[in-house]
Amino acid sequence: LGLLSFFQIIHYYYILLFIIVGWVYMGSKLYAEYRNKIRDKLESEDTSIKDIDIVRESVIFNIQQNLRSKVRETVIFSFKLLEKINPNYVPPSINTLMKHKDENIRDFAQNSMNALRGVSVSDRYIISATDQNEKANRVMLTPQEISYLLKTGEISKRRLAKLCRSEDEQDRQYGAELIGHMDSEDSLSFMIELLNDIEHNVRLAAIATASKRFNKEVINGLVQNLGSSIYSNVAKSALFAIGGKALPVLDNAFYKAGQDVQVMLRIIEIMGRIGGKMAMEMLWNKIDYPDKLISFQVLDSLSETGFKASLSQITRIKFAIVSNISDIAWNLAAYLEIPDNQNTRQLKTALNEENEHDVRHIYTLLSMLYDAKSIYLIKQNLESGTSEGITYAIELLDVLLAEDLKQKIIPILDDISVADRVRKLQVFYPRAKLSTQLSLKFLINRDFTQSNRWTKACAIYQIGRLKIKEFNYDLIANLFNPDMMVKEMSAWGLYNIDKEQYYENIERLLPEEKARLDEMVLSHSLSIETGNLTFEKVRFLQSMEAFRDVTGLLLSYVADDMQTKLLNEGETMALAGDMTSYFIIIRSGKVNHYEDGAMIRTMESKDFIGERLENQQVEGSGQLVALEDARLMLINKDRYYELLSDNLSFAQSVIKYMSA
């Protein structure tokens, strides 16, 4: 205390200043050390690339486990899904099915093995037989054919031409299978015809053979099949199996004049799956393609190849990230402008789903700029849902990201309210506050890369439900939208608002489009529940447990090819023949399901008939008998498997339901 008399008041200010400087210095040092620790954590994280693709691996593991299920439907469904995801999964899957306790499943595995080897109809074609029963339903080779076979060891070109151009479907299928076991280049000349055959089994056999025996013309034939909803998936698998040799042909086909957009998207997807340096270069050359849907798919495919941006490419990837953030910021503001009630919940859910899709896309793009393991660690913590995990992830982002990105990305991912996110993003993406009506107007008129088809359909539903006359011209314009679901909803909305305008403008459409829309709209009530609009089908699918976790956008693609069939009371429908190409959902009414004359179950609304194994081609083996007027929804199997294989989050939900 005595020493204090030597200090003047001013000295205390000096000491306080010294303490503050020291505190700031120590605080900055501690914070720098903390950031270094975080950086070390990111750099030392030993997560493997396989672990990063944890969703894909877990889905595939679950599907493979289902191959051992006691339920035949689940086994066949799982096998066919694995076949579509990656053809390389087929041989080990067949081996698993060969050991199954169910004899019918083992027979199915044997048939699948024969198809894989290209010998599914070969047992019909024999050299000799002593027993008349053995000759029944068999084709005997002529002495001349046997002599040529013994001399050369191969089928003659004349014999092959006879088979490939035969009127008998099985002859042509046998010819397609034979080509797979021949070395002659001349045999490939018949492949182009077989790749365009009108018979389903013949074309499938030709596509399977083309994955093993091909030249440039054969690969072009496979590319042509990408435009078919029935054969596109098997053609994609064949091109993937061919690998790098298919890339030059695929690249040329992409730039073909008048090429269909869906084919272009599939070509890009195949390039991503094939991978390699050549695929990366070809994909990067398409990054600025004028169609934004294609440029988005290019980015996704580049990510699948393991692409890392070089210094000259970083700016383009950042531009894509900023575009995604801009779309999210707009959707967040629209979310606040739309009132929260029972009627608008579906639209608000659609906006949330769209933002979640954009966030996943941002993760994909960030993995091209930064270490994929670090991005995975951040994503894992953010999706944990805990405040500690989210806080830690934000700190990781703060350390990892460049300054220009972190200020835009962090508000989107941080655990804050929608209003706070909008306020923070307003600095970078200024947007005037809109009324509910103006928000709806912008939603239906924005580009498809900014508002997807499902969000637009939900917005049009609100307009039609509220009968907002100010939107008549917007609905008239969308009558000519190339997307059929948007076109249907625009017709429905216009009819509910102003019938005269509907009748006047529907005449401007093509006759077949006008007839289709008239059939759907004119007999329709305002309550959208039981009609045949694609939008209505999606709403019904969303009410089913199997599709509870699937986004409206993905379900809209399922509903695109979904047919509706009416069974009157007492009417019977066979499950053989053409019906084997569909999964069946009971939409309303009651039916009895019979197999081989025995009743299996009584089915009601939302019950589902999946893959069947028992005598699918035998008429009368499986039947539905309507106990009352029943409406059925038919899902095209090929389209369904294609969507599942391309969207494993969708597959995850379906597998979870099947395994429950």
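**View 1. An open sheet of 4 strands, in the order 4-9-6-7.** In this predicted model, the strands of this sheet pair up in the antiparallel sense. Look to the edges for strand 4 (572–574) and strand 7 (598–603), each of which pairs on one side only. Neighbouring strands don't line up exactly: ignoring direction, they are turned by 25° against each other on average.

**View 2. Strand 6 meets strand 9.** Here we zoom in on one pairing from that sheet. Strand 6 covers residues 591–595 and strand 9 covers residues 622–626. The two run antiparallel, and 5 bridges hold the pairing together on the DSSP count. If you want a spot to get your bearings, find E595, which sits opposite G622 of strand 9.

**View 3. Another open sheet of 4 strands, this one ordered 3-10-5-8.** The pairing is antiparallel here too. Strand 3 (563–567) and strand 8 (608–609) take the edge positions. Each has a single partner strand, so one side of each goes without a neighbour in the sheet.

**View 4. Strand 3 alongside strand 10.** This pair belongs to the 3-10-5-8 sheet. Strand 10 spans residues 630–636 and pairs with strand 3 over 5 bridges, in the antiparallel sense. A handy landmark is Q563, whose bridge partner in strand 10 is L634.

**View 5. Helix 31 lying across the strands.** Helix 31 is made of residues 534–542. It lies across strand 3, strand 5 (582–588) and strand 10. Against strand 5, helix 31 runs at about 85°.

**View 6. A nonpolar patch on the surface.** Now for the other end of the sequence. Four side chains make up this patch: L16, I20, W23 and V24. Put together, they have about 450 Å² of accessible area. I20 belongs to helix 1, which takes in residues 9–44. Is I20 buried or exposed? Neither, quite: its relative accessible area is 42%, so I20 counts as partly exposed, the class between under 20% for buried and over 50% for exposed.

**View 7. Zooming out to the whole chain.** The chain has 34 helices and 10 strands. Of its 660 residues, 49% are buried. Take the contacts between residues at least 6 apart in sequence: 67% of these join residues at least 24 apart. As for the outside, the chain exposes about 32700 Å², and carbon and sulfur atoms supply 53% of that area.

Key. Residues are numbered from 1 along each chain as its sequence is written. This is a predicted model: local features need pLDDT of at least 70, side-chain atom pairs count only at pLDDT 80 or more; totals for chains, interfaces and linings use all residues. Side-chain values use heavy atoms; hydrogens and water are left out. Patches are made of residues with over 30% relative accessible area and no salt bridge: like charges are joined within 9 Å, nonpolar side chains (Val, Leu, Ile, Met, Phe, Trp, Tyr) within 5 Å. Accessible areas come from the Shrake-Rupley method with a 1.4 Å probe; for residues, only the protein chains shown count as cover. Buried means under 20% relative accessible area, exposed over 50%, partly exposed in between (1.4 Å probe, protein chains only). Axes are lines fitted to C-alpha atoms, for helices over the stretch in contact, and angles run from 0 to 180 degrees between N-to-C directions. Contact means heavy atoms within 4.5 Å.
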